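The report that follows reads through a single structure and describes how some of its parts are arranged. Please keep the sequence and the model in view while reading.

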Amino acid sequence: MTASPLTAAVLIVGAGPTGLTLACDLARRSIPVRIIDKSPEFPRSSRAKGPNPRSLEILADLGVVAEVMAAGSAPLPMRKYRDGMPVADADPFATSHPTPDAPYDRPWLIAQWKLEEILRSRLSEYGVQVELSAEVTGLAEGPDSVTASLADGRDIEARYVVGCDGAHSAVRKLLGIPFEGQTNEEQMMVCGDVEVDGLDRGYWHQWFDEDGAVMLCPIPGTRSGWWFQAGPETDASGAPVPPSPESFRRLFARHTGLPGTHLSNATLLSTYRVNVRMVDRYRVGRAFLAGDAAHVHSVAGGLGMNTGIQDAFNLGWKLALVVGGQAGPALLDTYEEERLPVASWTLDITSERLRATLEAIKEPGGGLDAAATPETTGLSRGYRWSSLSRNGTGGNSDGPLRAGDRAPDAPCRKTATGAPIRLFDAFAGPHFTLLGFGAGTAEALREAAAKYGDALRAYAIDPAHTDGLTDDEGHAHSAYGIVPGEDTLVLVRPDNHVGLIAPATDGRAVVDHLDRSAWVSSPFAAE
């Protein structure tokens, strides 16, 4: 064995969207990170259809959303067929539009390989590269670190390890964490990347017939690339036929009525079965799980990749504070406390959306639009139950926005210069953000800014405060449920969830929340 010194504070196993999101978040916080993957080369599968609105907010915070949107496209309208003939078009986002508090109103269509490429490029700007052909075969935890043994004989030692290595997670298996649930062998699809001629690339085409189904979604950024999904062929005994280019062409011809020769270059073929499984814990000592390593479910609603991205964004800032000595290890327990219930909810909602979709496609004109609901945007998921969510007394602490909720966006302007600024611009980065609504919050803002330095940014949303923000149109007050003239403090966590809502008269609540809570071991900056 060749032992490596402690070259990383955090070792991430798995370089899909979950692992890359976590790596980018840690690297921008100057946390030494290594990210490895057992694959010998980067995958080119299109797979997941793209980030939902909440994940787009995360990608914006990481500084890559413009590139993601440029490389992808808005969701396409769905064209549904029966017996080879078009019977209905549907756009589940036709009535959606951005609002001041939610700038992304729909998911974004982008090939998974392209999203990963963008995140890897961002990660490389911090001097971190994904290490390929690195398969974890063992984990050993010591008092201050964990050592991952690789198949090639190397050891990597780090303070923490995070398994982002998918549904067949080696990290999960090495930790001995059960993956309870069920696999429905009858609910299965064959999938792959294909090229197709003769179809309008302005639609996501869906053929649902009595004897099977074919779905073809054009891949943005390609001339003739499509993501193919279908019910499998069956043999004489009724057993599913493994995916193959020949089988794909037969399925294509049967359902579309077009010649099978119009489909070519079928690659990266796979069989998908509906698995509904999750772990009962996200952490064992210095090891954590995130993404598909912790939960898998139906693809209905498009929450798989997105739940993983959101796992990573919850864990990143907590690991960074603990590694940096700004918080005690108990903070890491809140990762499981907050994300395990979200995983359970995700399994439930995706199973329910799958049932709704299977019911819808029984009738001509039914299709995958049945899976899209406001709940699948990710914008309503919060952590009101968390020990990190604290509502003060009085003020709007019992209003519609509560501690634990996603912090809304709003357009404002800098009072001193008049330049436009959105609250999301103020939140972006590795810091906490303290918003002070009303002139009476000035003292609390000054105290917090002086105490915590770069770890916290404080903004007075009050036109009388020349260094603050002006909410001319009232969108910030409305989004945060603040009555004009009411003096209220709102502390926003680094993952853009509300940590605390308190009246200005309870100004010490901010310091108490950050500095004296059980999960914080020391102040963020010297007194």
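## Aromatic contacts and strand pairing

In this predicted model, ring pairs link Tyr160, Tyr282, Phe288 and Tyr335 into a cluster. A search of the whole structure finds 9 aromatic pairs. Among them, Tyr282 and Tyr335 form an edge-to-face pair, with 5.2 Å from centre to centre and 65 degrees between the planes. Tyr282 lies in the loop between strand 13 and strand 14 (283-284), whereas Tyr335 belongs to helix 8, so the pair ties together parts that are 53 residues apart in sequence. Tyr282 counts as buried, at 0% relative accessibility, and Tyr335 likewise counts as buried, at 0% relative accessibility. The pair of Tyr383 and Trp385 is edge-to-face because the ring centres are 6.1 Å apart and the planes stand at 85 degrees, an angle that falls in the class over 60 degrees. Here Tyr383 counts as buried, with 3% relative accessibility, while Trp385, at 42%, counts as partly exposed.

Helix 8, which carries Tyr335, lies across strand 9 (180-196), strand 13 (263-278) and strand 16, and runs at about 120 degrees to strand 13. Those strands belong to an open sheet of 8 strands with the order 4-3-10-11-12-9-13-16 and mixed pairing. The edge strands of this sheet are strand 4 (85-90) and strand 16 (295-296), each of which pairs on one side only.

Three antiparallel strand pairs, two of them from this sheet, are set out below with one pair of opposed residues for each.

| Strands | Bridges | Opposed residues |
|---|---|---|
| strand 3 (residues 78-82) and strand 4 | 5 bridges | Tyr81 and Pro86 |
| strand 11 (residues 212-218) and strand 12 (residues 225-230) | 5 bridges | Pro218 and Trp226 |
| strand 23 (residues 488-492) and strand 24 | 5 bridges | Val492 and Val498 |

Strand 3 and strand 4 form a hairpin with 2 residues between them, and Asp83 in the turn has a positive phi of about 55 degrees. Strand 23 and strand 24 also form a hairpin, with 5 residues between them, where Asn496 in the turn has a positive phi of about 65 degrees.

Strand 24 (residues 498-503) is mostly covered, since 6 of its 6 residues are buried. Apart from its antiparallel pairing with strand 23, strand 24 is joined by 2 bridges to strand 17 (residues 390-391), and these two strands run parallel. In that parallel pairing, Asn391 stands opposite Ile501 of strand 24.

Which elements cover the buried residues of helix 12? They include strand 17, strand 20 (432-437), helix 10, strand 21 (456-461), strand 23 and strand 24. Helix 12 is itself mostly covered, with 6 of its 8 residues buried, namely Ala509, Val510, Val511, His513, Leu514 and Asp515.

The contact between helix 10 and helix 12 can be described in further detail. Helix 10 (residues 442-452) and helix 12 (residues 508-515) pack at an angle of about 30 degrees, with their axes 9 Å apart. That angle makes helix 10 roughly parallel to helix 12, because angles under 35 degrees count as roughly parallel. From helix 10, Glu447, Ala448, Lys451 and Tyr452 meet Arg508, Val510, Val511, Leu514 and Asp515 of helix 12. The residues of this contact divide into 5 nonpolar, no polar and 4 charged. Of the helix 12 residues in the contact, Val510, Val511, Leu514 and Asp515 are also among the buried ones.

Finally, Gly382 is found in the loop between helix 8 (333-360) and strand 17. Is Gly382 buried or exposed? Gly382 is buried, because its relative accessible area is 10% and the limit for a buried residue is under 20%. Leaving aside residues up to four places away in sequence, Gly382 touches Gly404, Asp405 and His497. Gly382 and Phe313 are 69 residues apart in sequence and lie 13 Å apart in space, from C-alpha to C-alpha.

Terms used
Residues numbered from 1 in each chain as written. Predicted model: local features only at pLDDT ≥ 70, side-chain atom pairs only at ≥ 80, totals over all residues. Heavy atoms only, no water. Buried < 20%, exposed > 50% of the residue type's maximum accessible area, 1.4 Å probe, protein only. Helix = DSSP H or I, 4+ residues; strand = E, 2+ residues; numbered from the N terminus. Pairing = 2+ DSSP bridges. Axes fitted to C-alpha atoms, helices over the stretch in contact; angles between N-to-C directions. Parallel < 35°, antiparallel > 145°, perpendicular 65-115°, else oblique. Contact = heavy atoms within 4.5 Å. Nonpolar A, V, L, I, M, F, W, Y, C, P; charged D, E, K, R; others polar. Phe/Tyr/Trp six-rings, centres within 6.5 Å; stacked < 30°, edge-to-face > 60°.
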